[in-house]
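Q: Please take a careful, close look at one part of this model, and keep to what can be computed from its atoms.

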Amino acid sequence: MSLTTHSSQDRVFTILGIETSCDETAAAVIRLCGDKTEVLSSIIDSQIARHAPFGGVVPEIAARAHVDSIDGVIAAAMTAAGLRYSELDGIAATAGPGLVGGVMVGLSAGKAMSLGLNLPLMAVNHLEGHAVSARLEADVPYPFLLLLTSGGHCQLLEVRGIGQCLRLGTTIDDAAGEAFDKIAKTLGLAYPGGPALEQLAVGGDPDRYPLPRALLGRDGCDFSFSGLKTAAARIAITLSEDPQRRDLAAGVQAAIARQLAERTERAMLQYGQGLTSGDKRFVVAGGVAANRVVRAALQAACAKHGFSFAAPALRYCTDNAAMIALAGAERLRLGLIDGLDVAARPRWPLDAAAALDQPIHKLSRKGAKA
Ligand code: KG4
Ligand code: ZN
């Protein structure tokens, strides 16, 4: 006979999340109970205008901007949630990977609040935030196959649960978002380039310019975008008319979507072995998941291989603090709490063993990158 107990699964966790790893100062309050998540507030103070003149994120400017706005953003998140600080159960702050000056600002704010309010602190891996982001508004149980594609990362992961990720593949050079941003820059588009390139590509002919198809048909689930970046830049400098620029943008977008889908299909074959159709779940997350052509290519891959498709709402694809709060809530539920001595980490792979075993980037003093 089994006894019914009120496990931590039934408890309500109201968590403040803080995110400062790149160019968004964000704070959010979420409430987790069982499988249900409610986003009570999600405030994002974007620094895009401050970095746009430089064509990319300037770390020093980012860190100072986070210092300027962190207190106001946290206060705004609490006001929008309609809660007093005493009604929180914990504080979750991004502790890496990212621009370490910015990470330190948010993590320090989280530590101060944890100490002052006597609340548990959860130091969250930003990538784990992206990994759970589809669970903010949809019922996506573990385990699932994840394509995490953002400005800094491009990885295929088997997500078995919080803190349990197995890397199936990663980029051997640039991330997909980085390729979007850099190619957009050569096309004279404003930062951040991904959304601008998607807009320019509307109505363009993706087959007008021949572009490299890196790794297509090759074994494994790794990615490579640097060849595409160089080829597109070479063509871009020869173009001044809009129809041609539109066609190149469409070609680049299609090439990135094609590679993401092709590598994902390989991961599906590997991951899906022995799984029943109901257990074949696929999630795409990260800024590039906001791209409609990319989404369509991945949805087609899911249909072909019998996987269900989930992606966060557009506002939770790019950086936000709601996903950090949810990762923190899931951590707290498992008793995974951090001490005030936890350090900000510029590098922090989700699958540390794979990153050390097969380092894609040269190992440095700071450790494996992804
Ligand atoms: O997840 P995210 O906000 O930050 C990182 O953790 O990197 O992702 C930002 C990246 C940028 O490279 C941006 O250009 C790209 O996501 N991105 C897009 C789109 N929206 C954002 N790329 C292509 N199409 C989009 N609609
Ligand atoms: Zn991100």
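How many salt bridges are counted between domain 1 and domain 2, and which protein donors does the zinc ion (ligand 2) have?

A: This is a predicted model, and in it the count of salt bridges between domain 1 and domain 2 is zero. The domain assignment gives domain 1 two segments, residues 2-136 and 316-357, and places domain 2 at residues 144-311. Although the centres of the two domains, taken over C-alpha atoms, are separated by 26 Å, there is a contact between them to which domain 1 contributes 28 residues and domain 2 contributes 22 residues. About 1,800 Å² is buried between domain 1 and domain 2, and 71% of that area is on carbon and sulfur atoms.

Turning to the metal, the zinc ion (ligand 2) has as its protein donors H126 and H130, each through NE2, and D319 through OD, at 2.0 to 2.1 Å from the ion. The angles among the four donor atoms of this zinc ion run from 95 to 135°, and the site is classed as irregular. Along the sequence, the donor residues follow the spacing H-x3-H-x188-D. Because H126 belongs to helix α4 (residues 126-132), whereas D319 sits in the loop between α10 (314-317) and α11 (322-333), this pair ties together parts that are 193 residues apart in sequence. As for exposure, H126 counts as buried because its relative accessibility is 7%, and D319, with a relative accessible area of 14%, is buried as well, the cut-off for buried being under 20%.

Key: Residues numbered from 1 in each chain as written. Chains lettered and ligands numbered in written order. Predicted model: local features only at pLDDT ≥ 70, side-chain atom pairs only at ≥ 80, totals over all residues. Heavy atoms only, no water. Donors = N, O, S within 2.8 Å, 3.2 Å for Na, K, Ca; no water. Tetrahedral: all angles 85-135°; square planar, octahedral: opposite > 155°, others 65-115°. Helix = DSSP H or I, 4+ residues; strand = E, 2+ residues; numbered from the N terminus. Buried < 20%, exposed > 50% of the residue type's maximum accessible area, 1.4 Å probe, protein only. Domains from an automatic or database assignment. Contact = heavy atoms within 4.5 Å. Buried area = accessible area lost by both parts, 1.4 Å probe. Salt bridge = Lys/Arg side-chain N within 4 Å of Asp/Glu carboxyl O.
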